[in-house]
Amino acid sequence: MTKIIDGKKRSEEILADIKEKIDINKLKPCLAIILSAVDEASKIYVNNKITAAKKVGIETRLISLSNNVTAEEILKELDKLNKDSFVNGIIIQLPLPSHIDSSKIIDAVDSKKDVDGFSPYNVGRLAAGIEGFFVPCTPLGVLDLIKQEDTNISGKNIVIIGRSNIVGKPLAQLLLKQDATVTICHSKTHNLKFHTLNADIVICAAGKEKYFDKSYFNDNSFVIDVGISREESGAICGDVDFDSINGFIKATTKVPGGVGPMTVASLMKNTLKAYFIQNEY
Ligand code: NAP
């Protein structure tokens, strides 16, 4: 039997906890979302965030900009949000249109409102192993899910497949802080299976539809599937071939219903934290 770690259920527990804190203390957190690239996936992700915010009592402000917006126009909107004392958290929905230098925009988010944890201050603090204001949402959600199954990861061999700035790298820093032994693999890694077969936990964040089958894992593997891809049929799937690993490995998350809802729940957690930081609780 492969144990399924249920991210949807866990995210609902986190959201219920946030709602209770907001209701009892009559808090009024507010999350602003800047959306400019109008790809379908971004719209769906933003809708999911707005729905979750509504559920827990976080107000949202959606700033929808056209696909041909200039960097200066986004920076102007951002400046207003940075200065607005009612706005606690700000996210820039990525990807931005290709003519915009995303790093220039992300760098301009006030680090105390940077609930995605992508601004230089928060990235630098995490890399240095010092507490910053915010840790990126997907790594936070992954760590929570790992702890559902394995409460002591100190010294464990954890392999992360993927080295992006939003998943692989910050996740590695977060897990190092928990004393895990972390290996980051990527598309140029030689003999990937050598690493995955010898790991206690494998986190797949390559963005490759159903790419990792049971030959990458052993019967004691614990796998977290971060990937989100859309199959030709329109169905959502992850990086892991679930049918191949199910019944063979020890435990896994599933897509959908695994890391995705946890990312959204972590964003709500960070937004509430932003409210506390700005109101000096
Ligand atoms: P990304 O920026 O495209 O990075 C993918 C990483 O995987 C790169 O480091 C790449 O290596 C590596 N890679 C690709 N193919 C590989 C292979 N065959 N073997 C080993 N490594 C390989 O993607 P991302 O933004 O990190 O996202 C990764 C996946 O997670 C996507 O499916 C995305 O949709 C999903 N995602 C999900 C959530 C969630 O909430 N569930 C959040 C964020 C992202 P190189 O660096 O060498 O190119």
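Me: Before we look at the ligand, what counts as being near a molecule here?
Reply: Happy to start there. A residue is near a molecule if one of its heavy atoms lies within 4 Å of it. Keep in mind that this is a predicted model. The cut-off to remember is 4 Å.

Me: Which residues are the closest to the ligand?
Reply: The ligand is surrounded by 21 residues. By class, that shell holds 10 nonpolar, nine polar and two charged residues. The closest are Arg-163, Ser-164, Ser-187, Ile-228 and Thr-263.

Me: How far is the polar side-chain atom of Arg-163 from an oxygen atom of the ligand?
Reply: Let's take the polar contacts together. A polar backbone atom of His-186 is 3.5 Å from a nitrogen atom of the ligand. The side chain of Thr-263 has an N or O atom 2.7 Å from a ligand oxygen. For Arg-163, the distance from its polar side-chain atom to an oxygen of the ligand is 2.7 Å.

Me: How much of the ligand's accessible area does the protein cover?
Reply: On its own, the ligand has 930 Å² of accessible area. The share covered by the protein is 72%.

Me: Which helix gives the most to the shell around the ligand?
Reply: The top contributor supplies three residues. This helix spans residues 259–278 and is H10.

Me: Is H1 parallel or oblique to H2?
Reply: The axes of H1 (residues 7–25) and H2 (residues 40–56) come within 8 Å and cross at roughly 50°. In their contact, H1 brings Leu-15, Ile-18, Lys-19 and Ile-22, while H2 brings Ala-52, Lys-55 and Val-56. Because of that crossing angle, H1 is to H2 oblique.

Note on methods: Residues are numbered from 1 along each chain as its sequence is written. This is a predicted model: local features need pLDDT of at least 70, side-chain atom pairs count only at pLDDT 80 or more; totals for chains, interfaces and linings use all residues. Side-chain values use heavy atoms; hydrogens and water are left out. A polar contact is a pair of N or O atoms within 3.5 Å; within protein, one must be able to donate a hydrogen and the other to accept it, and residues adjacent in sequence count only if both atoms are side-chain atoms. Accessible areas come from the Shrake-Rupley method with a 1.4 Å probe; for residues, only the protein chains shown count as cover. Helices (H or I, at least four residues) and strands (E, at least two) are DSSP runs, numbered from the N terminus. Ala, Val, Leu, Ile, Met, Phe, Trp, Tyr, Cys and Pro count as nonpolar, Asp, Glu, Lys and Arg as charged, and the others, Gly among them, as polar. Axes are lines fitted to C-alpha atoms, for helices over the stretch in contact, and angles run from 0 to 180 degrees between N-to-C directions. Angles under 35 degrees count as roughly parallel, over 145 as roughly antiparallel, 65 to 115 as roughly perpendicular and the rest as oblique. Contact means heavy atoms within 4.5 Å.
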